[in-house]
Amino acid sequence: MSDRHVARGGRRLSATVTDLDVVRQRAFVAALALDGADLDEAERSLDEIELLADTAGSEVVDREIQQRHRPEPATYFGKGKVAEFAGRVKALDCDVFIVDGELTPVQQRNLQEAFEVDVVDRIALILDIFALHATSSEGRAQVELAMNRYRLPRLRGRGTEMSRLAGGIGTRGPGETQLETDRRRVLGRITQLERQIDKMRTTRETQRKARARSGMPSAALVGYTNAGKSSLLNRLTDAGVLVEDRLFSTLDATVRRIDLPTGQTALLSDTVGFVRDLPHTLVEAFRSTLEESVGADLLIHVVDASAADPEGQIVAVRTTLQEIDSHEVSELLVLNKADVADPVAVTRLQNLNPGSVVVSAATGEGIDDLLDELDRRLTPPSVDLELLLPYDRGDLVSALHDVAEVVSESHEAEGTRVKARVPLDETEPFRAFAV
């Protein structure tokens with residue numbers, strides 16, 4: 001028996017990077033296009049599912065979109081189409097059937113029985129990829145929490161049906177006992193993980209407050225998965241963050257310092273990539289990581305200008321930002337991958353989004369323009385003051401060095417003469433000494 005056939009019994013699409021080097025599962029991907037749906041949009045979504053499947057270690061060998069008025073309650077797809085799919089899955093020797101949508105537990109179970117292979121929906125696929133890429137203790141805890149929340153309504157075992165009855169002889173079998181035991185175990189683990197993540201959230205919040213007290217402005221990189229956020233972070237800060245041409249290669253927030261052209265220092269954080277219909281369980285589980293963007297002074301929204309549907313990706317990101325209450329933070333749209341994007345498409349995006357900046361994190365094109373714009377957005381407004389501070393006001397000299405950029409300083413008979421660029425909201429203590 002081949003390694004690939006041995007892998008068919010597994011419940012996950014992928015387990016470790018080593019596994020991906022040994023075997024790639026054969027996958028069939030399918031979707032529904034409901035009445036009024038844009039078929040082109042459905043095709044783009046299925047293209048994304050193929051990329052997700054590739055990231056999870058599967059090779060897509062067939063795909064199809066079925067048009068229907070509504071999903072079939074029992075099987076999601078129509079019964080005739082399910083029978084057709086079953087034949088194709090068997091003929092192509094597929095290991096997994098991936099649905100670009102969210103399946104109910106009943107639909108998933110019925111499709112698995114019909115196809116005799118693992119059936120996963122969009123949520124399970126993304127969860128699997130997150131599990132593959134989570135490296136920090138916080139990231140792993142967040143992924144496990146999301147997985148357990150997804151798994152809980154899908155627990156089953158002999159006795160599931162009996163548990164719906166009112167009780168009596170024959171309704172308290174070992175199957176039901178095991179099912180309830182499994183449920184209690186998963187619920188207990190969910191509670192444990194929630195407490196663990198809450199502690200991590202408190203720590204992260206403390207770190208954010210400490211950074212805020214430092215007086216340094218902060219910006220957060222947000223954007224669709226694979227838009228090039230990590231590449232841009234590396235280009236701007238030499239952070240050395242892992243960059244892969246795969247979806248969700250970054251899950252853990254990375255914070256680095258960035259020096260702006262005027263000498264101002266800012267903090268720049270990278271965040272997990274977004275995707276259309278990002279599962280709510282993941283948004284909730286990764287809230288503490290995503291909240292890096294909530295406390296930022298500026299969101300740097302990175303867009304893959306070479307993508308087939310960049311406008312749709314922009315909408316998907318902004319929808320998720322609204323869900324985590326980051327939509328009110330000032331946003332700078334950065335159109336990335338200019339080196340490979342169609343110039344006509346880039347110009348169109350610029351016209352649709354006035355004030356956006358065009359860059360290529362790969363080649364460095366436009367990075368100076370981006371730094372200038374970041375400097376303008378993150379550096380607080382200031383005024384140039386010339387001050388004569390009495391020698392008995394050494395406290396003001398010290399305070400000035402703390403809050404302002406001191407251009408020159410000399411000692412005269414009347415006191416210390418200082419020329420400084422002072423933030424507008426810090427000028428009040430010094431104005432009486434202006435000359």
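**A tour from the aromatic cluster to the sheet**

Begin by selecting Phe77, which counts as buried at 0% relative accessibility, where buried means under 20% relative accessible area, exposed over 50% and partly exposed in between, with a 1.4 Å probe and protein chains only. This is a predicted model, in which local features need pLDDT of at least 70 and side-chain atom pairs count only at pLDDT 80 or more, while totals for chains, interfaces and linings use all residues. Residues are numbered from 1 along each chain as its sequence is written, and side-chain values use heavy atoms, with hydrogens and water left out.

Add Tyr76, which is buried with a relative accessible area of 10%. Tyr76 and Phe77 form an edge-to-face aromatic pair, 5.1 Å centre to centre and with 85° between the planes; rings of Phe, Tyr and Trp (its six-membered ring) pair if their centres lie within 6.5 Å, and planes under 30 degrees apart count as stacked, over 60 as edge-to-face and the rest as tilted.

Next select Phe97 and Phe115, whose ring centres are 4.5 Å apart and whose planes stand at 40°, so this pair is tilted. Phe97 lies in strand S3 and Phe115 in helix H5 (residues 105–115), 18 residues apart, and the pair thus links distant parts of the chain; helices (H or I, at least four residues) and strands (E, at least two) are DSSP runs, numbered from the N terminus. Show Phe28 and Phe85 as well, since Phe28, Tyr76, Phe77, Phe85, Phe97 and Phe115 form one aromatic cluster.

Now turn to the largest nonpolar core, which has 42 residues, and select Ile98, Leu125, Leu127, Leu282 and Leu321, those with the most contacts inside it. Such a core is a set of buried Ala, Val, Leu, Ile, Met, Phe, Trp, Tyr and Cys residues joined through side-chain atoms within 4.5 Å. Helix H6 gives the most to this core, with 7 residues, and a second, separate core of 23 residues includes Leu221, Leu236, Val359 and Leu370.

Finally, colour the open sheet of 6 strands, ordered S6-S7-S5-S8-S9-S10 with mixed pairing, where two strands pair if DSSP finds at least two bridges between them. The edge strands, each pairing on one side only, are S6 (254–259) and S10 (357–358). Inside the sheet, strand S5 (residues 218–223) runs parallel to strand S8 (residues 298–304), and 5 bridges join them; as one place to zoom in, Ala220 has Leu299 in S8 as its bridge partner.
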